[in-house]
Amino acid sequence: MMDVLNELCNFIDAKSPEAIPTVLLVDDSGMHLQLAAGPKVSALWSQSFHGLKVPIHSSLENVNRTSGKSISISDMRSDPSFAACWKLALSQGVQAAWSLPILSKDRKILGTLILFCPTAEEPGEREKELMELSVHIAAIAIESQSNEQELREFSGQLYKSQDEERRRIARELHDSTGQKVAALGMNLSRVKNTISTQTDDVYETLEESIGFTREITDELRTLSYLLHPPFLEECGLTTAIQWYVRGMNERDGLHVEVEIPEDMLRLTEEAELAVFRIVQASLTNVHLHSQAKKARVKVEATLDGAIVAVSDDGQGIPDGVLDHSSKTRTIGIGITGMRERMKHLGGRLDIETNHYGTKVKASVPSRHFRTIAATAAQAER
C-alpha cells in the first residue's frame, strides 16, 4: 500500500512539479491524520503533521459524499486544521493547499490527498482529474490492505480454533477413549485367565482380541500426540520435534537429523505451536512427495529471531508450482497453512527447491522469544 501511495505522489509530481503532493491517512484511533506518503516532504516538515485531527475543519466533513469533489483552501493560515504545520509550509514557499478526501466504498473517510501549492491559484481541470484518479487508486490500495489484514486476523483465529479443537480431541482420545480401550484389554486378559487352555478357539480369539486392543491403544496414543503433542507444552519445542522425528525415523526409507542448540530459548506458546506444525507439515511433504533418503531439521537463534529450516535431498518441487500465480493456492500438504501461520506471527516462509532437494525456512521475529523469567515460570508449572 505504501509503495502505491508514494508512486501516486510521484505521478502527480511528474505532472505538476511545482506542487507538493501528500497523502494523509486516518490512524487506528480514528481521531487523527498521519502522513503516509509524500516523497517531496522533508523529514522536519513531516513531523509537523503528527496530531492533526480528523477533521476539525469543514474540508473533509462537509464534502459532498455522493460526488467526493475537492474542496479548495485558499489560505492555509486561515484554516485551523493546518495550525501545526503552516509555518513550516510557508517557509518552503507554500501559499495554499487543496484537499480531496479518500473515501471507501461505503463513503467512509480513509484519509485525504493534499496538494500544497506555491500560489493561491486554484488547480485546473487537468490537476483535478489527476487528484480524482489518484484518490480512487489510493482507496483501492488502502481497502485492499485492510481486507488483507482482516483476512489474516480471521486466518489466525481459524488456526487458533483448529489448534484448540485438536487439543480437545487429543485429550479426549488419551483420557477417555484410550482409557476405555485399556480397560477392555484388561477385561479380556481376565477372561483369558479364567478359561481353560483346552478351549483353543476361544483362547486364540481372546489372544487376538487382546493384541488388537494393544494396537488400538498405540494408534490412539500416536494419533493423540500428532493432533497435539503434550511434549510441546510440558517440555518445549526441542523435545516435541525430537519426539516427532523419532517417529519419522521408524518409517522405512527416510532418515531425519535434528540440530537444535541445547541453550535455545523457548518461544511463546503460539510461536512454538506454529513452528512445530511447520516442521510436521514439511516432513510429511518430504515423506510423501520428495522420494528423499535424508532430511534435516535445524533450529537456530539469531539477533532477529529464530530460524527453522527443514531440508531434504529429494527430487525437489516441480517447476511452476511455487511461482507467483500459485503462492496463494494449496500446495502439497500444509504449505499454504505454513505461510499463513508465519504471516500471523509477523515472520516469513521461504522455499528453495531444485533437482537436488528442497529447503523450507521459517523466520520467527525475536519478539516471540520468551524472557528468561517466563521460561522458568513455565518450567515450574
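Me: Which residues is Ser 282 in contact with, leaving aside its neighbours within four places in sequence?
Reply: Those residues are Val 310, Met 338 and Val 360. They earn the word "contact" because heavy atoms lie within 4.5 Å. This is a predicted model, and Ser 282 sits in its helix 9.

Me: Why is Ser 282 called buried?
Reply: Its relative accessibility is 4%. Buried means under 20%, so Ser 282 passes the test.

Me: What makes Gln 291 count as exposed rather than buried?
Reply: Gln 291 has a relative accessible area of 65%. The word "exposed" is used over 50%, so Gln 291 qualifies. You can find Gln 291 in the loop between helix 9 (269-290) and strand 8 (294-301). There is something else to look at here: Gln 291 is not a glycine, yet has a positive phi of about 60°.

Me: What makes the largest nonpolar core a core, and how many residues has it?
Reply: The name is given to buried residues of certain nonpolar kinds that are joined through side-chain atoms within 4.5 Å. The largest such set here has 41 residues, and those with the most contacts inside it are Ile 241, Val 256, Val 279, Leu 283 and Leu 349. Helix 8 (237-249), helix 9, strand 8, strand 9 (305-312), helix 10 (335-345), strand 10 (348-354) and strand 11 (357-365) each give this core at least two residues. Helix 9 brings the largest share, with 10 residues. A second, separate core has 22 residues, including Val 23, Trp 98, Leu 110 and Val 135. There is a general pattern behind this: in soluble globular proteins, nonpolar side chains tend to be buried together.

Me: Which residues does Leu 349 touch, not counting those up to four places away in sequence?
Reply: Leu 349 touches Ile 278, Ile 335, Met 338, Arg 339, Met 342, Val 360, Lys 361 and Ala 362.

Me: How do you know that the buried residues of helix 1 line one face?
Reply: Start with the list: Leu 5, Leu 8, Cys 9 and Ile 12 are the buried residues of helix 1. Looking down the axis of helix 1, you find them within an arc of 95°, so they line one face of the helix. Asp 3, Glu 7 and Ala 14, on the other side of helix 1, are exposed.

Me: How does the reach of helix 1 compare with the expected value?
Reply: Helix 1 (residues 2-15) has 14 residues, and its reach from first C-alpha to last is 20 Å, close to the 20 Å expected at 1.5 Å a residue. Helix 8 can be checked in this way too: with 13 residues, it reaches 18 Å, close to the expected 18 Å.

Me: Why is strand 5 described as largely enclosed?
Reply: In strand 5 (residues 96-103), 8 of the 8 residues are buried, so the rest of the structure largely encloses it. Ala 96, Trp 98, Leu 100 and Ile 102 point one way, while Ala 97, Ser 99, Pro 101 and Leu 103 point the other way, and all are buried.

Me: What makes strand 5 and strand 6 a pair?
Reply: A pair needs at least two bridges, and strand 5 and strand 6 (residues 109-117) have 8, so they count as paired. Their sense is antiparallel. One of the links to look for joins Ala 97 to its bridge partner Phe 116 in strand 6. The two strands form a hairpin with 5 residues between them, and Arg 107 in the turn has a positive phi of about 70°.

Me: Why is Ile 142 called buried?
Reply: Ile 142 has a relative accessible area of 10%, which is under 20%, so "buried" is the right word. Ile 142 belongs to helix 5 (residues 125-194). Apart from neighbours within four places in sequence, Ile 142 is in contact with Met 1, Leu 25, Ile 102 and Leu 110.

Me: What makes Thr 213 count as buried?
Reply: The relative accessibility of Thr 213 is 7%, and the limit is under 20%, so Thr 213 is buried. Thr 213 lies in helix 6 (residues 200-227). Setting aside neighbours within four places in sequence, its contacts are Val 181, Leu 184, Gly 185 and Leu 188.

Technical notes
Residues are numbered from 1 along each chain as its sequence is written. This is a predicted model: local features need pLDDT of at least 70, side-chain atom pairs count only at pLDDT 80 or more; totals for chains, interfaces and linings use all residues. Side-chain values use heavy atoms; hydrogens and water are left out. Helices (H or I, at least four residues) and strands (E, at least two) are DSSP runs, numbered from the N terminus. The expected span of a helix is 1.5 Å times one less than its number of residues. Buried means under 20% relative accessible area, exposed over 50%, partly exposed in between (1.4 Å probe, protein chains only). The arc is that of the directions from the helix axis to the C-beta atoms.
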